[in-house]
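Here is a short set of exercises to work through with the model open beside you. Try each task before reading its solution.

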Amino acid sequence: MIVNRNLNWRHILFYTWKSLLYFFILSVIVYTLHHEFDMEKLTVPFNVIALLSTALAIFLGFKNNSAYDRWWEARKIWGLLVNYSRAWGREVLTLSQEPDGIPSEELTAWRERLIYRHIAFVHALRVFLRHPHDYNENGEDLIEAPNDYADIRPFLSQEEADEVLSKHNPPNQLLLIQGQELQEAYQRGWLSDFRFVQMGETLTEFNNHQGKSERIKNTPFPRPYSFFSRVFVYLHGTLVPLAFVEELGLFNIPLALLINFIFLSLDQIGEMTEDPFENRPSDTPLTSISVTIEGNLKEMLGEKEIPPKPVVTGGVVL
Amino acid sequence: MIVNRNLNWRHILFYTWKSLLYFFILSVIVYTLHHEFDMEKLTVPFNVIALLSTALAIFLGFKNNSAYDRWWEARKIWGLLVNYSRAWGREVLTLSQEPDGIPSEELTAWRERLIYRHIAFVHALRVFLRHPHDYNENGEDLIEAPNDYADIRPFLSQEEADEVLSKHNPPNQLLLIQGQELQEAYQRGWLSDFRFVQMGETLTEFNNHQGKSERIKNTPFPRPYSFFSRVFVYLHGTLVPLAFVEELGLFNIPLALLINFIFLSLDQIGEMTEDPFENRPSDTPLTSISVTIEGNLKEMLGEKEIPPKPVVTGGVVL
Amino acid sequence: MIVNRNLNWRHILFYTWKSLLYFFILSVIVYTLHHEFDMEKLTVPFNVIALLSTALAIFLGFKNNSAYDRWWEARKIWGLLVNYSRAWGREVLTLSQEPDGIPSEELTAWRERLIYRHIAFVHALRVFLRHPHDYNENGEDLIEAPNDYADIRPFLSQEEADEVLSKHNPPNQLLLIQGQELQEAYQRGWLSDFRFVQMGETLTEFNNHQGKSERIKNTPFPRPYSFFSRVFVYLHGTLVPLAFVEELGLFNIPLALLINFIFLSLDQIGEMTEDPFENRPSDTPLTSISVTIEGNLKEMLGEKEIPPKPVVTGGVVL
Amino acid sequence: MIVNRNLNWRHILFYTWKSLLYFFILSVIVYTLHHEFDMEKLTVPFNVIALLSTALAIFLGFKNNSAYDRWWEARKIWGLLVNYSRAWGREVLTLSQEPDGIPSEELTAWRERLIYRHIAFVHALRVFLRHPHDYNENGEDLIEAPNDYADIRPFLSQEEADEVLSKHNPPNQLLLIQGQELQEAYQRGWLSDFRFVQMGETLTEFNNHQGKSERIKNTPFPRPYSFFSRVFVYLHGTLVPLAFVEELGLFNIPLALLINFIFLSLDQIGEMTEDPFENRPSDTPLTSISVTIEGNLKEMLGEKEIPPKPVVTGGVVL
Amino acid sequence: MIVNRNLNWRHILFYTWKSLLYFFILSVIVYTLHHEFDMEKLTVPFNVIALLSTALAIFLGFKNNSAYDRWWEARKIWGLLVNYSRAWGREVLTLSQEPDGIPSEELTAWRERLIYRHIAFVHALRVFLRHPHDYNENGEDLIEAPNDYADIRPFLSQEEADEVLSKHNPPNQLLLIQGQELQEAYQRGWLSDFRFVQMGETLTEFNNHQGKSERIKNTPFPRPYSFFSRVFVYLHGTLVPLAFVEELGLFNIPLALLINFIFLSLDQIGEMTEDPFENRPSDTPLTSISVTIEGNLKEMLGEKEIPPKPVVTGGVVL
């Protein structure tokens, strides 16, 4: 997530320089052919472009809107994960009890285990989501967040960590183990039937948060829309220098570049925003949120060492 | 679901070649009549088209937006099915228990049966949804996913499978049997009253996932909207070559084709996206999701043989 | 609900012929005055129209969007009714039981009664919703679905049907009776306290489905929006033939008619879609959904005679 | 709520005559200065206006969309109030019971009291919401619905009514008393623990309906949007007569007025719709809905005297 | 929240004067170069601007729409906090009870403590949310609401307040303490198992309200969108005076300023609205809502001294 109000122009050019180069060369060629080689028929009436650019602007509006919705939905899901993590902490600490009201050592250990395992779940989900898909062809990127399953080991026993990481879907396995621990607590009398089921429902919330995140991760914005918006921008952009070359002469080069830069950016912003779990500056800040959850839960356990919030570097929070 | 960033031009032409041919022939005729037979009055002022094309662009924007919403809703429903399938697995394994805490053989068999029947439900729902409607006139298509009720037999007893498949609505029948098994478990003391009802509510979630999918399947995007957008694109497209023929001469043919290609595509993308359960490359990937659920549940049962994820072929996941 | 991909032109003209006639006569008069009587000042600059037509297109976009939302919401509500009807059937059959586990005759009769009364509720709600409002001035229509309270009699005792139909709001009365039957089942020990309340919550779902349908039925899309969109289309349409009459001569008549036909249709589609319970071809298919629910529930009761799905006639499902 | 398909032109002029007069005088002045005093430079190129009118149309589209959303949300909230009021009636009548199953006189009185108090709550909420805010400066209006707290007295004892009306927030006080009555019923054994909590949750629904209505009432559509849309319409409208005065002469006056009337109406409709609780013809029909709820509940109590639905007067339901 | 229908021009200029000055100087320079120094080539064809301004208007429409959605969501969250605070008050007062039905002194103190602590939670959340982020660079502002953690002290014991304020996340700590008090009440027999869990669920609602507010606070509207809309407005605005300078002469200066003022405002309104917790006039009125909740809860406790609603000053409620 980018937090600085002003973007870094280096970042912008990183993603657009190839296209801008194409449009620059194109403009120069058009100018040269037109003014130096007197190919005066090499123009397109402005009306042709006007007809396309309204349609293009509306289409890009739709794309940006949808991209933003995906991004915001991703953030909402992880927001819910924050809320229910805190609720989970509260439930673990206040719904379970010994019959006589005084928590035994075993119960205290159980409580801590359930909260620590939840921290492991959150970190595991982050790592799971940030694993790149081959077909996204992201290429090299500006920034990379370290996302490694080793991050969950401090919160689990050696044995349990090994078992969980041997599974295809480690976060789901962690939720199953939480369910088994609840059953045990019920059998030991720490939870009533009703409170047992209630805490199981909170686990179902986590099933939802995981599944919803996976949905966004695994379902790209329909490729036909992305593909056509790119094709559309290029077709339109290729006609642009042909429209004003007569009237503007040399001035046509910067102006055509300016117009194309704007349409390109509108397309590019959507492209960056629509996939929020790809290890990029515009990502949903999973790392930061995971650390917040870890800190909140540790604070609820009464621990003193709270992990510090990730520093904003280069205007980016990951 | 198409996952490749670049569409295959063969696919695009597969859906648009007839219309493009019409517009090509039209442009050639217009050019010939105009320049060869000197029918100079055969033009339409650009303003007429400008007036229509803004309205058309806005209407196509609305159509694409709604089509995307339908597609995304379908994906969301199947996402929920993933989440609650995992929750179902956890509930079956952790909410049921023998009074003495040690699972009997019968209980273990019951647990396995409920999880396997749920896998059957998911596959049955997929097959049910992918059955084509006559009135959709899809014609032949590029790709076909195999969807056959035989897929559910491995997860049910011979007898039960026969009974279920004799019904008009097999998935609903499976949910009823699940309910009957819960009742039995309650009578045997494996479930408390409260946990019995709780698991029934999870079944109600599956009723919702099934019914919501059926709604999208059985309710096409209002035909008047689809029909008019097609008619509108053709009427507009027929006027386009008449607008620039004077000014552009032979150049009018490719340009008119380009403009019409863009409007056609905008219409066609929506058309492909709006029906997500029709055995087409742009479908919601029901097969892949079904296999994911099967794998997750088998992993939760501790099985070692997990079905492999379907391979991406030709950039498409089904 | 119209399911044919191609609309019938007879239907389209049924709703638009009066307006088209007006615009045709107008165009002829404008042409005659202009070219025969040399009233050359009788033109409007195209720019005036351009200024209005973008605003009009955006406004019609908003109207169509909202109309579609209403139509889709109506379909969603009836979709939920399908889902919870199936859940209701499952709950009636599996949550109620005799203490010894073997259903008595009385319990079996009770189960059947609750399911049959629910079928009556669904049909009653359909009839209730399809009763036309005076102020809608629908005039005669192409198609009429038979909707008569007599349809609910087969599912109720004579006595109960008479009582229910004497009320202002029969569907609500049916839900109250369902609640009373639940109370009785609780008193007889067929339902535990918890399952009693759970089934009451399912009834609350039906309260919601009924009330939400009534909301759409009784609350027209704000009349100022509908009224102005119609006025706006006419004002704009009246200016259209004046804009091109000079340039186009006799050709102006078909072109102006074409442009007006498009804007008229955009307005008319919204008008047809926004009220989904009015006995019209574009209605939400209440009859078809009611029969589906009836069939599903009868199948769950193990009955053999399932009512057949309504046939698609003229491309329309009601 | 306006139900007539055609608006009354008197209503329309009531809200727009001042602005129309301004634009009329402006057009006349422009014409006079231009044609009589030969101030030929007093024009603005059409392009300046074209640039603004697209932006204005989009902005008004956004405003109308948001206004409609507010209006529809208000209607949805009151729709939920209808649904849960019926559910409340059913719950009061079927969840409470004497241990022996035969309702005592005291229980019957309690049931009636809870239902009557709920009718009082609905009317109190209506009156509470229709109290105008000073800062809305509505000025005089065409219609006024009578909304007086005296309306709740028939449904409460003298004493209770006095107490409730002495509070800052009478509807909230009524819900608190309902809660206290539930507690008493629990202590008397009419409600089990579980049914007691269940009915408390229904009260929480009413807390939500009240609070959501208050939110819409107390939070105007962000003033900067409303204010700028008005300013924008005036600035744009002031330029309009300057654009065509040269070309159109005297004809400019009606045409400029027509264009401005359309933009003004688009702004004005939003303005009317965005505040649905202000005692105006376009209000959400709180009075009518309150009477519907009162009638439904009385019918459920078996009463014979049901209040008649308010008559539609002048095409308006309040 | 601004409640006055007319904005103060001083406020508007406060946020836009720098940009307006830039555009003014630019217009003057353009005019001077063009008319005084005869640089007649210093123009841009209007079509270039037309091409950009439609895209810009659509983009600003998207931005304003999203900004409004954020603002309205913030208001909705705090609306829910109002509703559930009242429900909390009712639950505390009516769900807890002594076995004999007569509230002991201890129970009365417990009830008061839970309600007062909730008031502290609301105020703490307000203060927490209004703490400005460094990276927002808000600069000095017109108005500042006093938001200080000292505001929560009157509702907590000295000791508890000290403990809570020593935490990183005071509101979350307050919810944990509420959970511990519920557990104690359960152990003392004031709450049944079921009512204990029910009240814990209400605490989970507060977890949600807090977390959702934090989400909006900590996640700015994606910076690329904000940044490009600003850049886009400036680029477009810089071209505007070049388009009409030839035609309009000196008149070009006010007209270009007018056009730019309109696009600037459209951008600026969104900018102000998108962050609703920043101590600005356009904020969600957290202070006012907090005081409303405090008053409602005190009224429910039967107290006589209700804090007065904050006065509207300068048309603003904070």
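**Exercise 1. Symmetry**

By what turn and what shift along the axis can chain E be laid on chain A?

*Solution.* A word on the material comes first. This is a predicted model, in which local features need pLDDT of at least 70 and side-chain atom pairs count only at pLDDT 80 or more, while totals for chains, interfaces and linings use all residues. Residues are numbered from 1 along each chain as its sequence is written, chains are lettered from A and ligands numbered from 1 in the order in which they are written, and side-chain values use heavy atoms, with hydrogens and water left out.

Step 1: superpose the copies by least squares on the C-alpha atoms of residues with pLDDT of at least 70 in both. Chain E then goes onto chain A by a turn of 72 degrees and a shift of 0.0 Å along the axis, with an RMSD of 0.0 Å. That is the relation of a five-fold axis.

Step 2: compare the surfaces, taking contact as heavy atoms within 4.5 Å. Of the contact residues of chain E, 5% recur in chain A, so the copies use different surfaces.

Step 3: try another pair. Chain A is superposed on chain B by a rotation of 72 degrees with 0.0 Å of shift along its axis, at an RMSD of 0.0 Å.

**Exercise 2. Interfaces**

Find how many residues each partner gives to the contact of chain A and chain B, and which salt bridges you can locate.

*Solution.* Step 1: chain A supplies 60 residues and chain B supplies 61 residues.

Step 2: turn to buried area, the accessible area (1.4 Å probe) that two parts lose on being put together, summed over both. For chain A and chain B this is about 5,700 Å², with 66% of it on carbon and sulfur atoms.

Step 3: look for salt bridges (a side-chain nitrogen of Lys or Arg within 4 Å of a carboxyl oxygen of Asp or Glu). The rule finds 3 salt bridges across this interface of chain A and chain B. One of them pairs Glu214(A) with Arg86(B), whose closest N and O atoms are 3.0 Å apart.

Step 4: move to chain E and chain A, where the count is also given as 3 salt bridges. Among them, Asp193(E) pairs with Arg195(A), with closest N and O atoms 2.7 Å apart.

Step 5: check pairs without contact. Chain A and chain D do not touch, and their nearest C-alpha atoms are 11 Å apart. Chain B and chain D are not joined by any contact either, their closest C-alpha atoms lying 11 Å apart.

**Exercise 3. Core and helix**

Which residues touch the most other members of the largest nonpolar core?

*Solution.* Step 1: a nonpolar core is a set of buried Ala, Val, Leu, Ile, Met, Phe, Trp, Tyr and Cys residues joined through side-chain atoms within 4.5 Å. Buried means under 20% relative accessible area, exposed over 50%, and partly exposed in between (1.4 Å probe, protein chains only).

Step 2: the largest core has 501 residues, and Trp78(A), Trp78(B), Trp78(C), Trp78(D) and Trp78(E) touch the most other members. Beyond neighbours within four places in sequence, the contacts of Trp78(E) include Val122(E), Leu129(E) and Phe277(E). A second, separate core of 10 residues includes Val197(A), Val197(B), Phe194(D) and Val197(E).

Step 3: inspect helix α6(C), where 22 of its 26 residues are buried.

Methods:
Helices (H or I, at least four residues) and strands (E, at least two) are DSSP runs, numbered from the N terminus.
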